[in-house]
Amino acid sequence: MIPLTILAGYLGSGKTTLLNNLLRQTSKPIGVLVNDFGELNIDSELIKNKDELTISLTNGCVCCNLNDDLGSSLEFISKQGIEGAVIEASGVAMPIKMANYGQTWPGFTFNGTIAVVEGQTIKHLLSDKFVSNTVKSQILQSDLVYLNRHSEEDIKLISSLSNEIVLEENVSNFTDLVFNIDSTIQHKANLDIVGHDHFYSNVLITEKPIEKKAVRDLLANNPNVERIKGWISNKINETWLVQATKSGCNFSLSNNDTKTRLVIIHTKEISLDTLAAEL
């Protein structure tokens, strides 16, 4: 039986970073299924794994749409000689829905769910009327919380929601973290399996040069935008990887020679034309 772990956590919390730390450290073949919220699966392109061991789940948020895409991907990846599997859930997914599915798939043994939480933004997120339901449910429904970029105040806040917290600085073995969870998911069966808050996504693909300042301004001027990620190409044909949340924008010079491709996730409907006009 192949151990299967689910990585949950809100948009931009650090799931892909945690997953890459695992893949960088382990010598074992690990199967990875990646589910972005939106039509472009950006995260799958950022995961440093063998190509045949990373699969994109592109039919929307997995917890809302538990369909043949996930099942056939699990079946395929189980035949690739892997010793473990991880599903990186979309940033708005409800962990317990995915856990219930993972517990029943042939050939896998469900190991548990980790909620990745970013301390810098968690207080704001839990008080935000548009996203608090999603963020709180992700923590309550997970077996373990991995807390990064945090303060002592953040630890106290998360402790009021979960008794199982691992701090970023205390982790040296990511294989143990991901695959040795003391799962209590069966004791959470009485939790209300509610849907997540309502989110929208737009995909912007353009030949127009986009500068970093335009992305920063778009985020600052649109409080309903929760996440911007993808790539921008500027006037001098540099390509920059964009990872932006309410806590700030991170730009990394990229070797990925591409036109601008951005996923923009927001909590109120905004037309793509309106967003594009601001860039």
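Reader: Is Glu-207 buried or exposed?

Author: Happy to start there, and please keep in mind that this is a predicted model. The relative accessibility of Glu-207 is 65%. A residue needs over 50% to count as exposed. Glu-207 therefore falls in that class: exposed.

Reader: Which residue forms a salt bridge with Glu-207?

Author: The closest N and O atoms of the pair are 3.8 Å apart, and the cut-off for a salt bridge is 4 Å. The partner sits in the loop between β11 (248–253) and β12 (260–266), while Glu-207 is in the loop between β8 (200–206) and α9 (212–221). The two are 52 residues apart, and the pair links distant parts of the chain. The residue you are looking for is Lys-259.

Reader: And what is the relative accessible area of Lys-259?

Author: Lys-259 belongs to the class called partly exposed. That class lies between the limits of 20% and 50%. For Lys-259 the value is 37%.

Reader: How many salt bridges does a search of the whole structure find?

Author: Glu-207 with Lys-259 is one of them. Another joins Glu-75 and Lys-79, with the closest N and O atoms 3.8 Å apart; Glu-75 is partly exposed at 40% relative accessibility, and Lys-79 is exposed at 62%. The search of the whole structure gives a total of 6.

Reader: Which residue does Glu-118 pair with in a salt bridge?

Author: Here the closest N and O atoms are 2.9 Å apart. The pair links distant parts of the chain, with Glu-118 in strand β5 and its partner 31 residues away in the loop between β6 and α7. Glu-118 is buried, with a relative accessible area of 7%, whereas the partner is partly exposed at 36%. That partner is Arg-149.

Reader: Glu-88 has no salt bridge, so which side chain of opposite charge is nearest?

Author: Glu-88 is found in strand β4 (residues 84–88) and is buried. The nearest side chain of opposite charge is 4.9 Å away, and a salt bridge needs a distance within 4 Å. That side chain belongs to Lys-15.

Reader: Then which side chain makes a polar contact with the side chain of Glu-88?

Author: Glu-88 does have a polar contact, even though it has no salt bridge. The distance in this contact is 2.8 Å, and the cut-off for a polar contact is 3.5 Å. The side chain in question is that of Thr-16.

Reader: How many of the 7 residues of strand β1 are buried?

Author: Strand β1 covers residues 2–8. It pairs in the parallel sense with β5 over 7 bridges, and with β4, also in the parallel sense, over 4 bridges. β1 is largely enclosed by the rest of the structure, because the number of its residues that are buried is 6.

Reader: In β5, which residue is the bridge partner of Leu-4?

Author: Leu-4 is a handy place to see both pairings of β1. In β4, Leu-4 stands opposite Ala-85. In β5, its bridge partner is Phe-110.

Reader: Within what arc do the buried residues of α7 fall, seen down its axis?

Author: Helix α7 (residues 152–159) has Asp-154, Ile-155 and Ile-158 as its buried residues. Seen down the axis, these line one face of the helix, because they fall within a narrow enough range of directions, an arc of 100°.

Reader: Which residues are exposed on the other side of α7?

Author: The buried residues of α7 pack against β5 (108–118), α5 (119–127), α6 (132–140), β6 (144–148) and β7 (165–167). On the other side of the helix, the exposed residues are Glu-152 and Lys-156.

Reader: Where is Thr-121, and which residue has its C-alpha atom 7.7 Å from that of Thr-121?

Author: Thr-121 is in helix α5, where Gly-119, Ile-122 and Leu-125 are buried along with it. At 12% relative accessibility, Thr-121 is under the 20% limit and so counts as buried. The residue whose C-alpha atom is 7.7 Å away lies 125 residues apart along the chain: Lys-246.

Reader: What share of the 279 residues in the protein chain is buried?

Author: The protein chain has 10 helices and 12 strands. Among contacts between residues at least 6 apart in sequence, 73% join residues at least 24 apart. The share of buried residues is 57%.

Terms used:
Residues are numbered from 1 along each chain as its sequence is written. This is a predicted model: local features need pLDDT of at least 70, side-chain atom pairs count only at pLDDT 80 or more; totals for chains, interfaces and linings use all residues. Side-chain values use heavy atoms; hydrogens and water are left out. Buried means under 20% relative accessible area, exposed over 50%, partly exposed in between (1.4 Å probe, protein chains only). Lys and Arg count as positive and Asp and Glu as negative; His and the chain ends are not counted. A polar contact is a pair of N or O atoms within 3.5 Å; within protein, one must be able to donate a hydrogen and the other to accept it, and residues adjacent in sequence count only if both atoms are side-chain atoms. The arc is that of the directions from the helix axis to the C-beta atoms. Contact means heavy atoms within 4.5 Å. Two strands pair if DSSP finds at least two bridges between them.
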